[in-house]
Amino acid sequence: MQPIELVVFDMAGTTVTDHHEVEQCFAQAAAETGLIASAERILAMQGLSKRYVFDTLWKEQLGEMHPDVPAHVDISYATFQQILERHYRVNGATPTEGCLDTFAYLRERGIAIALTTGFYRVVTDIILEKLGWLNGLDQHRRGTSDSLIQLSIASDEVERGRPYPLMIERAIDQLGISSPKAVVNIGDTPSDLLSGQAAGVVLNLGVTNGTHSKEQLETYPHDRLIGSLRDLPALLDSHAVAVNT
């Protein structure tokens with residue numbers, strides 16, 4: 001077993017408090033553009049690239065090969081972008097319970113922090129700026145050991161977002177991490193857990209105070225489900241003891 005070098009965190013619902021505003025913004029965009037999508041269906045697809053979700057739902061409504069699907073996806077996605085960006089610019093964002101204490105714990109131990117998200121870069125930066133987490137990041141959204149986080153990756157910066165592992169793999173590559181077995185992945189959605197499994201991380205964790213409950217996450221691949229990020233330091237301490245014994 002290797003020491004932990006990197007923790008990859010999801011954003012909305014994991015490190016950024018989620019009051020179901022993403023689902024509400026998505027539902028509003030769907031309603032305004034004629035897409036039929038239940039609240040349960042929208043919730044089930046949280047964590048995925050939102051353009052991919054619109055593409056999936058429009059194909060379900062019109063048919064996989066319907067020629068009008070691309071145009072409908074473009075319109076729905078552009079509407080969603082406007083609604084979501086306006087929401088975060090007006091309302092801002094707050095860290096989740098235990099998030100900043102956990103970040104401090106990791107920084108004290110020299111463990112890198114990467115944030116991944118189903119959001120695209122523009123709205124990701126709006127949220128990071130509202131939180132003050134853009135400070136110290138360069139134009140590629142890479143930081144230093146002195147910045148609060150060391151890397152931010154948005155879903156439009158990889159070929160395929162979750163549940164594929166490409167954002168985690170990009171973080172490993174850009175931060176010079178020795179192996180996926182030195183990485184912890186944590187998120188609050190099924191797609192977070194599926195991407196962690198696909199990346200082969202040493203600890204794939206779900207947090208149950210975000211968009212999905214323990215009951216909703218327990219059937220997906222995970223090593224542990226925790227109540228909030230406040231529980232993460234003790235879990236990592238236990239892992240460190242196991243590594244050193």
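Let us start where two helices meet: Leu84, Glu85, Tyr88 and Arg89 in helix 4 touch Val122, Val123, Ile126, Ile127 and Lys130 in helix 6. Everything described here belongs to a predicted model. Two packed helices are described by the angle between their axes and the distance between the axes. For helix 4 and helix 6 (residues 121-131), the angle is about 10 degrees and the axes are 9 Å apart. Angles under 35 degrees count as roughly parallel, and helix 4 and helix 6 are therefore roughly parallel to each other.

From the helices we can move to the sheet. Its 6 strands are arranged in the order 3-2-1-4-5-6, forming an open sheet with parallel pairing. At the edges sit strand 3 (151-154) and strand 6 (224-226), each of which pairs on one side only. On average, neighbouring strands of this sheet are turned by 20 degrees against each other, direction ignored.

Strand 1 (6-10) is a good place to look next. In the strand order, strand 1 stands between strand 2 and strand 4. With strand 2, strand 1 pairs in the parallel sense over 5 bridges, and aspartate 10 stands opposite threonine 116 in strand 2. With strand 4, strand 1 also pairs in the parallel sense, over 4 bridges; here phenylalanine 9 has isoleucine 186 of strand 4 as its bridge partner. Is strand 1 buried or exposed? Of its 5 residues, 5 are buried, so strand 1 is largely enclosed by the rest of the structure. In a regular strand the side chains alternate between the two faces of the sheet. In strand 1, Leu6, Val8 and Asp10 are on one side and Val7 and Phe9 on the other, and both faces are covered.

Now follow the sheet outward from strand 1 in each direction. On one side, strand 2 (residues 112-117) and strand 3 pair in the parallel sense over 4 bridges. Threonine 116, already met opposite aspartate 10, has isoleucine 153 as its bridge partner in strand 3. Strand 3 has both faces covered, with Leu151 and Ile153 buried on one side and Ser152 and Ala154 buried on the other. On the other side of strand 1, strand 4 (residues 183-187) is joined to strand 5 (residues 203-207) by 4 bridges, and the two run parallel. Isoleucine 186, the partner of phenylalanine 9, stands opposite leucine 205 in strand 5.

Beyond strand 3, serine 155 lies in the loop that leads to helix 7. Which residues does serine 155 touch, leaving aside those up to four places away in sequence? They are Ser49, Thr117, Gly118, Phe119, Tyr120 and Met167. With a relative accessibility of 8%, serine 155 counts as buried, because buried means under 20%.

Helix 8 (residues 190-199) brings us back to the sheet, where it lies across strand 1, strand 4 and strand 5, running at about 175 degrees to strand 5. Helix 8 is mostly covered, with 7 of its 10 residues buried. The buried residues are Pro190, Ser191, Asp192, Leu193, Ser195, Gly196 and Ala199. Their cover includes strand 1, helix 7 (166-174), strand 4, strand 5 and helix 9 (214-217). After helix 8 comes glycine 200, which has a positive phi, near 75 degrees.

Aromatic rings give another way to trace the structure, which holds 7 aromatic pairs. One of them joins phenylalanine 26 and phenylalanine 54 in a stacked arrangement, with 4.1 Å from centre to centre and 15 degrees between the planes. Phenylalanine 26 belongs to helix 1 (residues 21-32) and phenylalanine 54 to helix 3 (residues 50-62), so this pair ties together parts that are 28 residues apart in sequence. Both partners are buried: phenylalanine 26 has a relative accessibility of 3%, and phenylalanine 54 has 0%. Elsewhere, ring pairs link Phe9, Phe103 and Trp133 into a cluster. Arginine 160 takes part in another kind of ring contact, lying over the face of tyrosine 164 at 3.9 Å from the ring centre.

For contrast, we can end at methionine 65, in the loop between helix 3 and helix 4 (69-91). Methionine 65 is exposed, with a relative accessible area of 74%. Its C-alpha atom is separated by 27 Å from that of cysteine 25, a residue 40 places away along the chain.

How values were computed:
Residues numbered from 1 in each chain as written. Predicted model: local features only at pLDDT ≥ 70, side-chain atom pairs only at ≥ 80, totals over all residues. Heavy atoms only, no water. Phe/Tyr/Trp six-rings, centres within 6.5 Å; stacked < 30°, edge-to-face > 60°. Buried < 20%, exposed > 50% of the residue type's maximum accessible area, 1.4 Å probe, protein only. Lys NZ or Arg CZ within 6 Å of the ring centre and 35° of its normal. Pairing = 2+ DSSP bridges. Axes fitted to C-alpha atoms, helices over the stretch in contact; angles between N-to-C directions. Contact = heavy atoms within 4.5 Å. Parallel < 35°, antiparallel > 145°, perpendicular 65-115°, else oblique.
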